[in-house]
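Morning, everyone. Please have the sequence and the model open in front of you. I will keep this brief.

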Amino acid sequence: MTDIHLARDGADLGVHDLAAINQMLAAGQLTGTELAWAKGMGGWISLSQVRGVIMPGRPQPMGFAPRPGFPPVPPAPANSAAATTSMISGILAVLGIFMAGLGIIPGIVAVICGHKARDSIQKSGGQLGGSGMALAGLITGYIGIVLCAAILGFIVWSVSAFSKKIAEEKNITAEKVVETRSMFTTTLQKKEREDEETQPPPDSSPLRLMKYDSPLGPMDAYVSKESDGPRSSPAIVWLTGGFSNSIDEGSFTPGDPGNDQSATAFQQPRLIGMYPSLRGGNQNPGFKEGHFGEVEDVLAAIKWLKARPGVDPRRVYLGGHSTGGTLALLVAEASTDLRAVFVFGAVARVSDYGQDALPYSVRNASEGRMRSPITWLPAIQCPTFVIEGTDGNIEGLHEMEAASKNPKVKFFEIPGRDHFGVLQPVSKMLAQMILDDTGSEPNLPVTRESISAALRK
């Protein structure tokens, strides 16, 4: 047997005689796992099984009887089924990246089959192929597993964070708001105050100038004279608009019906009104804080008003317009002492007023969060009515309405009205509702229909 054809992994290694093959085996150039065929042999067999082949350190095998007619072209090795499975599974693993991380299972299959295929191919002596497919399956399988695991981890984290946020919102209470505020110290970029002396109302006015006790000391307020009377009457604390934190003759001088910011609609017999000035306003102590410390001032004013002899402490209301409406919302979120709250033209975040109008940095997220009514809406415990004309600060109303899940808070967009046109007619309606609200629980039928009827008057 002088002409022996050799092949390895489907590659033709040429024709050699037996002596040359034994020399190559001894030199380590051949391993004995190659396929061999010679004329007269029945088919391709392992080189180590050829008669006369001397394997280093092993006895010579008996060999096989020759059989004529087999072609001297080595057959291509068959692809390993595990290699094919690995490559297909790897492709599915990569595709699973785009399907919410569903590629982990095919990725695991690709890796297992890939390793199994490479092991069986190595041990087949060239009879199995597909090592490239197995390698591709391993690579795509590992990529699919890692990326899909990352995506699933992100999804789980996102769901957990969202659930935590929902749980926190459900647990927001007025007490929590007060606690959070007490642990926060505001930083003012500028310290501003007003020096204008508060003007006393005329003798004909139902109001008089008084002092209420605030956290910073006595502050000015206009208060109905009836607050000293023997009758127990409902009362409303009204917060005016603007950024001065001051009160002036505008609180007792009626304005034009289309822009009456005086709130004189609440100044009528049997209804006690209070119009507090705040820190930094008029000649009050402290500095203007842009709706932070002012919340404490209003809470103090409510407490002071409830202690007046002519006030029914169970029927104290709060209202405000524009910046006063925004402040009223912030107070409502920190109070458990109010019967109901009426808000005209508020914004969702105080920072929306712009840096020029505010003493703190609007770029500071913590400062902004403490002054954002939209953050604390779940804490409101009393009926609260947020009202604004379509041509006013309607974006703030829309944003808060979309975010709110609190059934105590109702939102009313008034078509065809601006920031000021809803004030006088709706305030008159609310004043009458306050007088009629005499039960043990609040009963204020504020609806779109009742507002529309008030506007028609």
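I will go through helix packing, then a residue in another helix, then the cavities. One caution before that: this is a predicted model.

Start with helix α2, residues 81-95, and helix α3, residues 104-123. Their axes come within 7 Å of each other. They cross at roughly 155 degrees. Angles over 145 degrees count as roughly antiparallel, and α2 and α3 are therefore roughly antiparallel to each other. The handedness of this crossing is left-handed.

Who makes the contact? From α2 we have Ala-82, Ala-83, Thr-85, Ser-86, Ser-89, Gly-90, Leu-92 and Ala-93. From α3 come Pro-106, Gly-107, Val-109, Ala-110, Cys-113, Gly-114 and Ala-117. By class, that contact has nine nonpolar and six polar residues. It has no charged residues.

Stay with α2 for a moment. Ala-83, which is part of the α2 contact with α3, is also in contact with Met-133. Met-133 sits in helix α4, residues 131-170. Setting aside neighbours within four places in sequence, Met-133 touches Asn-79, Ala-83, Thr-84 and Met-87. How far apart are Met-133 and Ile-88 in sequence and in space? They are separated by 45 residues in sequence, and by 8.9 Å in space, C-alpha to C-alpha.

Next pair: helix α6, residues 293-306, and helix α7, residues 323-332. The axes come within 9 Å, and the crossing is at roughly 70 degrees. Angles from 65 to 115 degrees count as roughly perpendicular, so α6 is roughly perpendicular to α7. On the α6 side, the contact uses Glu-294, Val-295, Val-298, Leu-299 and Ile-302. On the α7 side, it uses Leu-327, Leu-330 and Val-331. By class that is seven nonpolar, no polar and one charged. Keep Leu-330 in mind for the cavities.

Third pair: α10 and helix α11, the latter being residues 448-456. They pack at about 120 degrees, with axes 8 Å apart. That angle makes α10 and α11 oblique to each other. Their crossing is right-handed. Pro-425, Val-426, Met-429 and Met-433 of α10 meet Ser-450, Ile-451, Ala-454 and Leu-455 of α11. The classes here are seven nonpolar, one polar and no charged.

Now the cavities. How many reach 30 Å³ or more? The count comes to two.

The largest cavity holds about 50 Å³ of space. Its lining is Trp-238, Asp-260, Gln-261, Ser-262, Ala-263, Thr-264, Ala-265, Leu-423, Gln-424 and Ser-427. Which helix gives the most to that lining? Helix α10, residues 423-436, does, with three residues. So much for α10 as a packing partner; here it appears again as a wall. The lining divides into four nonpolar, five polar and one charged.

The second largest cavity has about 30 Å³ of space. Val-177, Arg-181, Leu-330, Glu-333, Met-370 and Trp-376 line it. Here is Leu-330 again, the α7 residue from the contact with α6. This lining has four nonpolar, no polar and two charged residues.

To recap the angles. The α2 and α3 pair is roughly antiparallel. The α6 and α7 pair is roughly perpendicular. The α10 and α11 pair is oblique. And two cavities meet the 30 Å³ cut-off. Thanks, and over to you.

Definitions and conventions. Residues numbered from 1 in each chain as written. Predicted model: local features only at pLDDT ≥ 70, side-chain atom pairs only at ≥ 80, totals over all residues. Heavy atoms only, no water. Axes fitted to C-alpha atoms, helices over the stretch in contact; angles between N-to-C directions. Helix = DSSP H or I, 4+ residues; strand = E, 2+ residues; numbered from the N terminus. Parallel < 35°, antiparallel > 145°, perpendicular 65-115°, else oblique. Left-handed = near helix turned anticlockwise from the far one by under 90°. Contact = heavy atoms within 4.5 Å. Nonpolar A, V, L, I, M, F, W, Y, C, P; charged D, E, K, R; others polar. 1 Å grid on protein atoms, 1.4 Å probe; cavity = no way out; pocket = protein on both sides within 12 Å on 5 of 7 lines; lining within 4 Å. Points joined across faces, edges and corners; volume = space filled by probe spheres on them.
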